[in-house]
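Hi everyone, thanks for making the time. I'd like to walk you through a structure this morning, so let me put it up on the screen.

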Number of protein chains: 2
Amino acid sequence: MQENRCDVFIIGAGPAGLSAAIYCSRAGLSTLVFGSPEKSNIARAHAVENYFGVAETLSGKALLENGKAQAQRFGTRFLNSDAVDIKKNEDGAFVIKDSLAQPYVSRSVIICSGMGFKKSGIENERKLTGKGVSFCAACDGFFFKNKSVVIVGGSNFATEEAIHLAAHAAKVAILSHGKDFSIGKEMEKLIAKNKIKLMKSPVIKSFEGEDNLQRLIFADGSEMACDGAFLALGNATASDFANRLGLARAGAGNAFIVADPRTGETNVKGVYAAGDCTGGNAQVAKSVGEGCNAAVSVIKFIKGVKAYADYA
Amino acid sequence: MQENRCDVFIIGAGPAGLSAAIYCSRAGLSTLVFGSPEKSNIARAHAVENYFGVAETLSGKALLENGKAQAQRFGTRFLNSDAVDIKKNEDGAFVIKDSLAQPYVSRSVIICSGMGFKKSGIENERKLTGKGVSFCAACDGFFFKNKSVVIVGGSNFATEEAIHLAAHAAKVAILSHGKDFSIGKEMEKLIAKNKIKLMKSPVIKSFEGEDNLQRLIFADGSEMACDGAFLALGNATASDFANRLGLARAGAGNAFIVADPRTGETNVKGVYAAGDCTGGNAQVAKSVGEGCNAAVSVIKFIKGVKAYADYA
């Protein structure tokens with residue numbers, strides 16, 4: 001392919017994006033992936049036991065590495081930069097600018113941008129983000145060496161974040177923020193092993209601190225001192241890409257792009273979506289299946305054929 | 001679990017059924033699988049290159065063996081017999097009788113019965129089935145040692161059947177039966193390597209022979225002698241299970257069970273379906289994802305909970 005032209009952009013390199021990339025490039029489409037596997041939520045899973053067909057239990061990271069190698073074997077090109085802007089031209093082509101302000105042009109797009117990070121709506125969240133409030137343990141954990149941190153959330157995702165932080169911070173607690181915990185048994189063992197405290201807490205009303213986070217104030221008036229608060233509340237509201245392309249959205253907070261799970265089709269011609277960013281079960285298997293389905297649609301669209309042949 | 005009682009029946013042990021079995025048993029549900037992986041269409045694929053996450057390219061058989069081992073590790077029980085009858089009792093329980101006339105009782109069912117074998121409608125098909133006309137190279141290929149056989153079909157599936165037969169038969173030809181071929185490049189190489197003849201044939205009008213198949217007669221009046229004819233035309237019409245349970249159907253010839261791809265739900269409470277028997281792309285990835293989705297629904301149904309927790 002020409003340096004900056006291709007048949008299909010894939011935004012996101014988690015299980016959905018990589019599955020789509022494997023199919024598209026194997027069918028001979030020039031395929032360009034924005035984003036990196038390390039940013040996928042599954043990259044933080046220490047073990048994925050429920051994904052069909054893998055002989056030994058692999059970490060999320062190992063699964064992603066395998067998938068990336070498969071896609072590269074068929075010719076998928078990976079950009080290390082993220083897509084920061086996208087528009088549809090009058091001639092129907094899509095133009096993406098990446099974080100290096102480089103433009104790329106393609107005839108189709110598959111959005112597999114994943115869950116992202118859900119805002120909490122807690123007072124002072126925005127003011128203190130980057131100043132003690134964070135959405136990513138892998139990104140910011142290092143800065144909390146020997147400090148006291150909390151994770152806000154109640155799921156296995158929150159637990160993975162906590163385990164990551166336990167490698168750096170002196171004290172780690174998971175606060176349920178007024179809800180029930182929903183954590184697997186194996187994860188509970190890891191919580192104990194890593195000396196992480198599980199606290200069924202009231203709703204957090206506000207983050208407090210001058211230049212940096214110093215304490216939490218709960219809805220019942222009680223307080224708790226901490227140096228860092230990591231938000232792990234699940235999926236984000238819809239991505240910027242959806243807004244820029246005029247994609248239909250649904251779900252709580254319009255968080256999800258509306259896409260047919262069997263074809264990946266959205267309301268905009270040439271734009272497909274798959275995986276966590278479209279809602280449904282947040283499972284590797286489901287995302288891989290939808291990535292495959294979206295790719296099959298793109299292959300038919302680009303080649304102008306009605307049936308998908310296996311392009312081996 | 002008690003000998004003949006369980007939480008969930010899974011009918012079929014292909015990628016959808018095994019993915020569902022892994023999820024259900026890992027969540028603590030007593031899980032009983034009817035059917036065997038060897039009967040899955042993917043068992044005949046010599047290489048599956050497009051399934052995300054697998055480091056080395058595996059055969060379909062190896063993928064299925066891995067999946068079965070995963071399910072067994074979590075406690076799934078496999079019956080070697082097939083399910084031959086199913087009904088829903090007045091109390092909402094499902095009773096299956098297997099090929100040994102043994103009854104089993106469960107609270108839910110996931111149907112993953114795959115594509116099955118499509119009838120051709122060619123004259124004398126029924127009369128000569130088992131007498132030269134067959135639907136399964138793996139089952140009957142052995143009987144055509146040093147004989148001359150044809151495969152009727154035009155897809156990679158037909159090619160896999162032909163390759164299987166080439167190990168036994170003296171002469172193997174694939175007849176397109178009035179349609180175009182849709183065969184991948186890698187498969188074309190295998191066709192050449194195995195000295196299989198590709199024949200763009202007219203529509204076959206009838207199978208002819210007294211006790212056994214002796215020749216084909218084409219719609220244009222021409223004839224061709226052969227000892228065996230293997231039909232590889234794609235998916236079957238709907239399974240008996242669907243009829244017996246009153247499941248809604250759709251697609252050409254009502255071949256598919258109507259199921260929500262995101263939840264596996266059918267029109268009958270407690271009955272879910274996933275994979276090829278529900279239509280959509282016939283791809284391992286897609287079936288594995290739908291098996292996962294159906295299983296998550298069953299787990300919520302049996303446990304009476306609204307959210308799925310990862311049960312590790």
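**Salt bridges, a helix and an axis**

Let me begin with a single lysine: B:Lys61 has a relative accessibility of 46%, so it counts as partly exposed. Please keep in mind that this is a predicted model.

What does B:Lys61 pair with? Its side chain meets that of B:Glu65 in a salt bridge, at 3.7 Å from N to O. Both residues sit in helix H2 of chain B, which covers residues 60–73, and they are four residues apart, about one turn of the helix. B:Glu65 is also partly exposed, because its relative accessibility is 47%. As general background, side chains of opposite charge can pair when their charged atoms come close.

Over all chains, a search of the whole structure turns up 14 salt bridges. Another one of them joins B:Arg215 and B:Glu223, at 3.0 Å from N to O. With 31% relative accessibility, B:Arg215 falls in the partly exposed class.

Now to helix H8 of chain B. Does the C-alpha distance between its ends agree or disagree with the expected span? The helix has 20 residues, 284–303, and at 1.5 Å a residue it should span 28 Å; the end C-alpha atoms are 28 Å apart, so the two agree. H8(B) is mostly covered, with 17 of its 20 residues buried. Right after the helix comes B:Gly304, with a positive phi near 65 degrees.

H8 of chain B has a salt bridge too: the side chains of B:Glu290 and B:Lys286 meet at 3.1 Å, N to O. These two are separated by about one helical turn, because they are four residues apart in the helix. Are they buried or exposed? B:Glu290 is buried, at 6% relative accessible area, and B:Lys286 is buried as well, at 1%. For those of you setting up charges, here is the part to look at: A:Arg262 joins B:Lys286 and B:Glu290 in a network of salt bridges.

That brings in the other chain. How are chain A and chain B related? A rotation of 180 degrees, with 0.0 Å of shift along its axis, superposes chain A on chain B with an RMSD of 0.2 Å. That is the relation of a two-fold axis. In chain A, the C-alpha nearest the axis belongs to A:Gly289, at 2.5 Å from it. Both copies use the same surface, as 100% of the contact residues of chain A recur in chain B.

That's my tour, and I'm happy to go back to any part of it.

Note on methods: Residues numbered from 1 in each chain as written. Chains lettered and ligands numbered in written order. Predicted model: local features only at pLDDT ≥ 70, side-chain atom pairs only at ≥ 80, totals over all residues. Heavy atoms only, no water. Expected span 1.5 Å × (residues − 1). Buried < 20%, exposed > 50% of the residue type's maximum accessible area, 1.4 Å probe, protein only. Salt bridge = Lys/Arg side-chain N within 4 Å of Asp/Glu carboxyl O. Least-squares fit on C-alpha atoms with pLDDT ≥ 70 in both. Contact = heavy atoms within 4.5 Å.
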